[in-house]
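Biologist: Before I accept any label placed on this model, I would like each one set against the rule behind it. Shall we begin with the nucleic acid surface?

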2 protein chains.
Amino acid sequence: MRKLTKEEYIETIHVLQKENGRAKTGHIAEHMGVRPPSVTQMLAKLQGEGLVEYEPYLGARLTPAGAKIARELMARHRVIANFLVILGIDREAAEKDACAMEHHMTGESAVRLKKFVEFIQTAPRDPQWVGKFLKYCETGERECGEK
Amino acid sequence: MRKLTKEEYIETIHVLQKENGRAKTGHIAEHMGVRPPSVTQMLAKLQGEGLVEYEPYLGARLTPAGAKIARELMARHRVIANFLVILGIDREAAEKDACAMEHHMTGESAVRLKKFVEFIQTAPRDPQWVGKFLKYCETGERECGEK
DNA sequence: CCTAATCGTTAGGTATGCCTAAATAATATA
DNA sequence: TATATTATTTAGGCATACCTAACGATTAGG
């Protein structure tokens, strides 16, 4: 797999913490496809930055600062994944692709995409153009009566 | 700036090559915000992978394999930037954000986004919902007559 | 309780991409 | 042509994120 970032560790810890109360080294490693020593090392680093609290042999928990970052990331993830689903990508692939993208989408673009997804999802009715778009993808043809 | 990838070097070389015939170390460095030695080093690496041909003190040119990658990247970049512009981001910011995203958007998602942009740009008329969306961004309100 | 298996950490090493400082090649100028 | 300026490369280091191998702690079974 590609090189993981601190943010991705934070996200994983966030998830495991909700399941088990504490995120243990081995679980994090398994979840992220790296070896335990890499996790130990990263936990030390994150602790140094005040993002996790880490008790050797016991596991890690996010500090409030770490939890804040996790929440922001997950929100971004949700937006991107939902967008991809709207475009017709299946849920599973969308989640995976969102993982790869979420750490590189920032600032104005992220805000706009969020609004866009919101705009579509809260539409009075499922907007017609979405259906037309999906049809266009399959057939390459626009619907006849399209205005 | 964040850490640059081989792909970004290839893109830069592609651009400079079109301007000057050869991409010189100093120009590449300036363009990418790194120091010349970093460029020399990367050129050696890219040459080793058969992506550029590099004559010390003269400059670099992409091999056919390198040029192919460059074209694909630029196409992806164009799609992403155009999409962001549709969402109402100004051109300059869109180009910048696209740079950050283009290397992490792959596979099915890239294909779908391309189709989506195409779908909008080739619409018989500028689709109405785009205007409605931009208005929604500004005011938070949907247009009255929206169906 | 004590040993065995498991889980985690420490130690040491690889790869990548960046840097500065110093040496060398190319180019422009006197 | 000789020298000064500029451009590029070489040499040596730093930081990050990963790894394997070896050691130490924890937990479970006998």
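Modeller: By class, the surface near DNA strand C holds eleven nonpolar, five polar and five charged residues. This is a predicted model, in which local features need pLDDT of at least 70 and side-chain atom pairs count only at pLDDT 80 or more, while totals for chains, interfaces and linings use all residues. Residues are numbered from 1 along each chain as its sequence is written, chains are lettered from A and ligands numbered from 1 in the order in which they are written, and side-chain values use heavy atoms, with hydrogens and water left out.

Biologist: What makes a residue nonpolar, polar or charged in the count for the surface near DNA strand C?

Modeller: Ala, Val, Leu, Ile, Met, Phe, Trp, Tyr, Cys and Pro count as nonpolar, Asp, Glu, Lys and Arg as charged, and the others, Gly among them, as polar.

Biologist: Which residues come nearest to DNA strand C?

Modeller: A residue is near a strand if one of its heavy atoms lies within 4 Å of it, and of the 21 residues around DNA strand C, A:Thr25, A:Thr40, A:Tyr54, B:Tyr9 and B:Ser38 come nearest. Of the strand C atoms within 4 Å of the protein, 74% belong to sugar or phosphate and the rest to bases.

Biologist: Why is the approach of the A:Thr25 side chain to a phosphate oxygen of DNA strand C called a polar contact?

Modeller: A polar contact is a pair of N or O atoms within 3.5 Å; within protein, one must be able to donate a hydrogen and the other to accept it, and residues adjacent in sequence count only if both atoms are side-chain atoms. An N or O atom in the side chain of A:Thr25 is 2.8 Å from a phosphate oxygen of DNA strand C, so the pair satisfies the distance rule. A polar side-chain atom of B:Gln41 lies 2.9 Å from a base nitrogen of that strand, and a polar backbone atom of B:Arg35 is 3.0 Å from a phosphate oxygen.

Biologist: How many salt bridges are counted between domain 1 of chain A and domain 2 of chain A?

Modeller: The count is zero, where a salt bridge is a side-chain nitrogen of Lys or Arg within 4 Å of a carboxyl oxygen of Asp or Glu. The two domains of chain A, 6-62 and 74-139, have bounds that come from an automatic or database domain assignment. The rule does find one residue pair in polar contact across their interface, both at pLDDT 80 or more.
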